[in-house]
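Student: Could you show me how to read backbone angles and helix packing in a protein model? I'd like the idea first and then the real case.

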Amino acid sequence: MASDDILIRVEDLVMHFPILAGVLRRKVADVKAVDGISFYVKRGETLGLVGESGCGKTTTGRCVLGLYDITGGKVFFEGTDITKVTGKGRRALRRNMQLVFQDPYASLDPRMTAGDIIGEPMLVHQVAAGNAYREQLAELFTMVGLEPRMSIRYPHEFSGGQRQRIGIARALAVRPKFIVCDEPVSALDVSIQAQVIMLLMKLRQELGLTYLFVAHDLSVVRFISDRVAVMYLGKMAEITRSDELYDNPLHPYTQALLSAVPIPDPVVDRQRKRILLYGDVPSPVNPPSGCHFNPRCRMAIDICKEQEPELRDVGGEHWVACHRV
Amino acid sequence: MAEGELRAVDGLSYYLRKGESLAIVGESACGKSVSAMSVMRLIPYPPGIIVGGEIIFKGQNLLKISEEEMRHIRGGQIAMIFQEPSTSLNPVLTISRQLGESLELHRGLDKSAATAEALNLLKLVGIPDAEKRLNDYPHQFSGGMQQRVMIAMALSCNPALLIADEPTTSIDVTVQAQLLELIDKLRSQFGTAIIIITHNLGIVARYVDRVVVMYAGQLMETGPTDVIYAEPRHPYTIGLLASVPRLDLPRSRKLSVIEGLPPNLIRLAKDRCAFLPRCKYAIGRCNEEKPVLEKAGEEHYFACFVDVRKQSESEGLTSGKR
């Protein structure tokens with residue numbers, strides 16, 4: 001594959017957060033939120049990132065955007081290592097990479113009008129001014145399915161779904177190439193979720209966007225993504241094409257995760273094999289040795305406790321980190 | 001000043017047999033939680049009033065009995081678990097005390113017997129090292145473990161009915177599956193009837209016998225789970241089922257979107273179908289009167305004038321058939 005097909009490349013990304021304790025705020029341990037993961041996102045594709053709470057998926061999204069000083073590894077955007085870019089260059093980079101947040105209630109300033117919220121990034125990045133500003137603002141409203149006359153309203157006057165549309169319009173305002181969507185529909189009602197999912201897919205096609213879609217809902221992620229990456233406790237368990245995910249999951253964790261999601265059709269669901277995992281996800285402060293999943297894995301053998309499996313290509317863009325595959 | 005009257009639940013009727021499981025399905029503010037809180041008589045007054053209707057539990061109208069009698073039923077005969085286990089447990093009491101409290105109150109056990117029983121319950125709901133965890137406080141438990149404690153507490157008095165209000169919404173999928181399997185197992189073991197309130201159509205399909213679909217405080221459709229998923233008759237049910245992405249279907253399948261927003265309950269037209277403004281099947285009659293429940297089959301009822309079966313097949317909108 002030609003390297004210019006790849007928009008984002010992440011190599012061995014590590015993000016540890018220190019735990020400080022005592023009067024002297026000494027570091028006593030690390031939360032190993034992301035512990036050495038690698039993946040890429042091709043231009044124009046959607047990569048879904050799934051996993052349970054504490055698996056590091058949100059942290060990964062933020063590291064890719066350069067919002068944290070990463071502990072280790074590299075993040076490339078169009079071939080440039082973003083961790084090495086500072087000052088003006090970083091600002092230009094930021095224009096190309098935007099974020100849509102999970103909570104449409106907390107991510108909009110209650111004292112700004114919808115128009116100011118969506119317009120602010122355009123002014124900050126000097127995308128447009130004057131008449132062009134007003135025209136583009138109206139266009140953004142229409143693009144996400146809101147009416148331009150709503151621009152004088154405040155966030156509390158909108159419903160949850162409409163607020164998420166405002167959040168999307170704000171991300172689009174600076175005409176980015178890449179958007180990280182962090183659980184963009186999980187706070188929304190079922191019927192509104194579908195509206196926002198379809199909107200995101202339409203925008204991607206019309207504007208040629210690339211998404212990193214972070215979410216815990218496997219059905220939603222598979223639906224919107226071209227490829228899906230499954231994370232567990234700071235590690236990448238499996239990356240595969242979305243069609244392959246349901247038909248041929250290879251990692252025992254992916255298999256358990258899929259079987260835990262009931263299908264909204266009783267006849268189909270009854271015929272599925274159910275794999276019940278025991279216990280909870282361990283703490284990322286003190287992850288198990290070897291494969292992080294081994295204490296809950298029904299396939300685990302001795303080597304799984306001792307040696308960490310590498311993420312390897314099993315063919316057809318299907319990557320899996322498991323000794324038993 | 002009051003803007004008007006908000007009918008959170010408006011003329012809802014359903015029944016539940018001994019040992020049966022029922023799901024109340026709907027989106028936020030459709031009245032599904034309020035209807036369950038009414039059964040427990042936990043609606044704060046003011047502002048909430050149960051204006052009319054009856055809640056018959058084992059032949060007794062719960063709206064007519066005294067608060068004293070109700071207190072014995074609540075937690076004893078009817079138990080409830082909530083969405084956020086962390087806010088439902090008392091942070092300053094140990095797990096053993098919280099479980100013991102209801103055992104002493106409802107089952108008249110003394111303190112040591114209550115502690116012994118609390119241990120049994122923790123084992124029953126699958127808490128590892130139960131002996132060691134008895135004297136822990138809620139914050140020492142994970143969300144999934146806290147919900148197990150809530151389930152243990154709810155089942156401690158062997159209730160005839162368990163109401164679970166979004167029991168797994170804040171919990172990870174693999175742990176969610178553990179909890180739902182546990183509730184299902186306990187239901188078959190003890191014959192407890194269960195009402196699950198949820199917006200998750202997958203959970204309903206997997207664990208529930210019968211479904212009540214609510215919209216804007218009103219009953220839209222009710223029937224056996226298999227029937228509702230295979231042959232939904234109400235446009236809202238059809239829309240809901242077609243709007244969720246499914247793991248097993250090809251990704252090329254388009255999600256069918258229910259246009260518009262859920263209604264403002266204060267401004268809802270009381271003499272029309274609540275779903276009318278968002279309904280793509282609406283006919284002239286919908287603008288004239290409000291549909292009443294109509295029988296579609298065995299235990300299957302729906303409130304709609306339109307025969308969607310004729311329309312949906314040509315448009316391919318039902319998600320149940322592929």
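Tutor: We'll look at two backbone angles and then at one pair of helices. Keep in mind that this model is predicted.

Student: Okay, what is the phi of Arg25(A) near?

Tutor: Start with the sign of the angle. Phi of Arg25(A) is near 50 degrees, which is positive in a residue that isn't glycine. You'll find Arg25(A) in the loop linking β1 (6–21) and β2 (26–42) of chain A.

Student: Is Arg25(A) buried or exposed?

Tutor: For that, count neighbours: 12 or fewer other C-beta atoms within 10 Å makes a residue exposed. Arg25(A) has 9 other C-beta atoms within 10 Å, so Arg25(A) is exposed.

Student: Where is Asp129(B) found?

Tutor: Asp129(B) lies in the loop between α5 (111–124) and α6 (130–133) of chain B. Phi of Asp129(B) is near 50 degrees, again a positive value outside glycine. Asp129(B) counts as exposed because 9 other C-beta atoms are within 10 Å.

Student: Now the helices. At what angle do α3 and α5 of chain A pack?

Tutor: Compare the axis directions. Helix α3 (residues 114–124) and helix α5 (residues 160–172) of chain A pack at about 25 degrees, with axes 7 Å apart. Angles under 35 degrees count as roughly parallel, so α3(A) is roughly parallel to α5(A). The crossing of α3(A) past α5(A) is right-handed.

Student: Which residues make the contact?

Tutor: From α3(A), they are Ala114(A), Ile117(A), Ile118(A) and Pro121(A); from α5(A), Ile166(A), Ala169(A) and Arg170(A). Sorted by type, the contact has 6 nonpolar residues, no polar ones and 1 charged.

Conventions: Residues are numbered from 1 along each chain as its sequence is written. Chains are lettered from A and ligands numbered from 1 in the order in which they are written. This is a predicted model: local features need pLDDT of at least 70, side-chain atom pairs count only at pLDDT 80 or more; totals for chains, interfaces and linings use all residues. Helices (H or I, at least four residues) and strands (E, at least two) are DSSP runs, numbered from the N terminus. A residue is buried if 20 or more other C-beta atoms lie within 10 Å of its own, exposed if 12 or fewer, and partly exposed in between; C-beta atoms are placed from the backbone. Axes are lines fitted to C-alpha atoms, for helices over the stretch in contact, and angles run from 0 to 180 degrees between N-to-C directions. Angles under 35 degrees count as roughly parallel, over 145 as roughly antiparallel, 65 to 115 as roughly perpendicular and the rest as oblique. A crossing is left-handed if the near helix is turned anticlockwise from the far one by less than a right angle, and right-handed if clockwise. Two residues are in contact if their C-beta atoms, placed from the backbone, lie within 7 Å. Ala, Val, Leu, Ile, Met, Phe, Trp, Tyr, Cys and Pro count as nonpolar, Asp, Glu, Lys and Arg as charged, and the others, Gly among them, as polar.
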